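Colleague: I would like to learn how to read a ligand site and some helix packing. Can you take me through it?

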Amino acid sequence: MRTYSIAAIPADGIGPEVISAGIEVLHALERQDPQLKFDVETFDWGSDYYKQHGVMMPEDGLQTLKKFDAIYFGAVGAPDVPDHITLWGLRLPICQGFDQYANVRPTKILPGVTSPLRNRGPGDLDWVIVRENSEGEYSGNGGRAHRGLPEEVGTEVAIFTRVGVTRIMRYAFKLAQSRPRKLLTVVTKSNAQRHGMVMWDEIAAEVAQEFPDVTWDKMLVDAMTHRMTLHPQSLDTIVATNLHADILSDLAGALAGSLGVAPTANIDPEQRFPSMFEPIHGSAFDITGKGIANPIATFWTAVQMLEHLGEREAAALIMDAIEYVCANGILTPDVGGTAKTTEVTRAVVQFITSKSAIAETA
Ligand code: NAD
Ligand code: MN
């Protein structure tokens with residue numbers, strides 16, 4: 001028996017709707033392969049917890065999570081709690097506390113899903129964005145002085161270290177090397193930002209020496225939005241800072257049809273701690289409770305979770321199910337369909353369990 005302990009943190013808004021769908025899919029895998037087992041424990045941390053306890057998660061939250069094999073995360077954000085509290089109270093402490101420095105965001109146009117790009121379909125856009133996840137603009141470094149006065153000042157200092165940049169660069173080159181096209185684009189803003197960003201460019205050139213079979217190039221982040229939109233086929237693996245990749249990956253999600261299909265993995269490549277898997281989107285309170293949240297991003301991040309856990313077959317089976325269901329038009333409204341979250345989930349579950357029936361009779 002291969003057993004994995006999964007900590008589920010559905011949190012806010014549509015988080016619980018998509019995570020419960022994702023857990024159903026994990027249980028479908030157990031039925032498909034009786035040697036596979038997921039011990040899922042669900043935690044009620046998030047904005048409601050905050051309103052009761054004044055914190056997004058208990059003080060020993062990280063201690064609790066540490067013993068799990070992986071974390072399956074929904075989204076944070078509530079209309080009546082400031083965003084910096086929900087983010088810095090739960091998601092970022094996990095990313096930083098577990099040194100999940102590689103944030104990996106695969107994007108492609110799924111069959112049956114319409115890209116807003118004219119005349120582009122599956123195959124025209126197949127990217128993995130690697131987001132530096134531990135430093136840069138989100139390191140929490142900065143301050144405010146003279147609060148409320150006319151001379152008030154606020155700073156947001158981006159921190160880049162040689163260790164931090166080198167390890168993400170190495171991760172990105174290695175990932176590019178593992179993909180068929182062996183193509184990496186390094187994104188910075190080293191014309192205007194002439195310190196940390198120039199260091200990024202220099203370290204990229206150094207690390208590139210270790211990967212002579214990877215073809216790589218550099219882009220400025222503004223020009224990158226242009227290239228992603230007009231020449232999507234020219235890109236494959238992309239590495240960028242915490243802020244730049246945050247923005248580029250929302251764009252990537254939209255170009256692939258919807259944020260509702262965009263997954264992400266927060267990985268500790270050294271596997272000292274559990275890694276965290278989540279949809280890219282937020283809590284989407286405009287559609288919360290309507291039963292129409294697209295669960296595909298949450299299923300796709302389960303694919304990433306299973307790959308990380310070494311369960312390649314199960315991962316591939318979910319990916320096949322996603323593509324089959326999309327190709328057959330079982331789509332939520334954000335990608336042009338009329339299906340409910342539950343209908344998409346049922347179709348994915350049926351695809352997975354039907355594979356076991358075929359395997360048993362074959
Ligand atoms: P959002 O991602 O929640 O929503 C953006 C738009 O995409 C909305 O119109 C929403 O309806 C749509 N959308 C998102 N996910 C969808 C899905 N699965 N199916 C269908 N449509 C979907 O971003 P926002 O509106 O800027 O933020 C809402 C809250 O979420 C804020 O509090 C924000 O801080 C938070 N947030 C959290 C995370 C996170 O937890 N990782 C990420 C982004 C935003
Ligand atoms: Mn984001």
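Modeller: Start at the ligand: a backbone N or O atom of Ser283 lies 3.1 Å from an oxygen atom of ligand 1. That is a polar contact, a pair of N or O atoms within 3.5 Å. This is a predicted model, where local features need pLDDT of at least 70, side-chain atom pairs count only at pLDDT 80 or more, and totals for chains, interfaces and linings use all residues. Residues are numbered from 1 along each chain as written, chains are lettered from A and ligands numbered from 1 in written order, and side-chain values use heavy atoms, without hydrogens and water.

Colleague: Which atoms of Ala284 and Asp286 lie 2.8 Å and 2.9 Å from an oxygen atom of ligand 1?

Modeller: For Ala284, a backbone N or O atom, at 2.8 Å. For Asp286, a side-chain N or O atom, at 2.9 Å. The protein covers 70% of the 800 Å² of accessible area that ligand 1 has on its own. Accessible areas come from the Shrake-Rupley method with a 1.4 Å probe.

Colleague: Which residues around ligand 1 come nearest?

Modeller: A residue is near a molecule if one of its heavy atoms lies within 4 Å of it. There are 20 residues around ligand 1, and Asp83, Gly282, Ala284, Asp286 and Asn294 come nearest. By class, the shell has nine nonpolar, six polar and five charged residues. Asp, Glu, Lys and Arg count as charged; Ala, Val, Leu, Ile, Met, Phe, Trp, Tyr, Cys and Pro as nonpolar; the others, Gly among them, as polar.

Colleague: How do I read a helix pair?

Modeller: Helices are DSSP runs (H or I, at least four residues), numbered from the N terminus. Axes are lines fitted to C-alpha atoms over the stretch in contact, and angles run from 0 to 180 degrees between N-to-C directions. Under 35 degrees is roughly parallel, over 145 roughly antiparallel, 65 to 115 roughly perpendicular, the rest oblique.

Colleague: At what angle do H9 and H10 cross?

Modeller: Roughly 160 degrees, with the axes of H9 (residues 296–308) and H10 (residues 312–327) coming within 7 Å. H9 and H10 are therefore roughly antiparallel.

Terms used. Polar contact = N/O pair within 3.5 Å; in protein donor to acceptor, adjacent residues only side chain to side chain. Helix = DSSP H or I, 4+ residues; strand = E, 2+ residues; numbered from the N terminus.
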